[in-house]
Amino acid sequence: MKCPKCGNDDDKVLDSRASKEGAAIRRRRECLKCGYRFTTHEEIDQDELFVVKRDGRREAFQREKLEKSIRIACQKRPIPEARVKETISTIVSSLEGEEISSEAIGARVMARLHELDEVAYIRFASVYRRFTDVNQFLSAITEMVGK
């Protein structure tokens, strides 16, 4: 690793810890030239995952799109940031294989949001299920309350 301060690539690792539920390693390093301490993160490179859309198109999975939609659903709700990040990480780590349908991803998101916050769940469901009128909202709420 190159030191972000002096650019030297000779350092020593002071501390290593698992992070993101064991999916990554956080390392504390010290530059042997200037003594500057910095942190690096290592994650496993996963094979590229493709999402099969409703219309049959295939596109590369983008974590940012998933994260954005979950954050919009959780906006202005009393949900700790750590729980939102944990939810996103859990969903992403559960995605396996070379291809997955957008419906399967949506179902996983809805299941996690249902556990996390009911309002966030309804917000996400309204977009995911393409609600067009109030009756669809009412039936989704009735279905959720019935569970």
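Start with the whole chain as a cartoon: read along the sequence, the protein follows the pattern β-β-β-β-β-α-α-β-α-α-α, where helices (H or I, at least four residues) and strands (E, at least two) are DSSP runs numbered from the N terminus. The radius of gyration, taken over C-alpha atoms, is 20 Å, well over the 15 Å that the globule rule gives for 147 residues, so the protein is more spread out than a compact globule. That rule is 2.2 Å times the number of residues to the power 0.38.

This is a predicted model, in which local features need pLDDT of at least 70, side-chain atom pairs count only at pLDDT 80 or more, and totals for chains, interfaces and linings use all residues. Residues are numbered from 1 along each chain as its sequence is written, and side-chain values use heavy atoms, with hydrogens and water left out.

Next, select L66, I70, C74, I105, V109, L113 and F124. Within the largest nonpolar core, which has 27 residues, these touch the most other members. Such a core is a set of buried Ala, Val, Leu, Ile, Met, Phe, Trp, Tyr and Cys residues joined through side-chain atoms within 4.5 Å; buried means under 20% relative accessible area with a 1.4 Å probe, protein chains only.

Now colour helix 1 (63-74), helix 2 (81-94), helix 3 (102-116), helix 4 (118-128) and helix 5 (134-146), the elements that each give two or more residues to this core. Helix 4 supplies its largest share, six residues.

Zoom in on F124. Leaving aside residues up to four places away in sequence, F124 touches S69, A73, G106, V109, M110 and L113, a contact being heavy atoms within 4.5 Å.

Technical notes
Buried means under 20% relative accessible area, exposed over 50%, partly exposed in between (1.4 Å probe, protein chains only).
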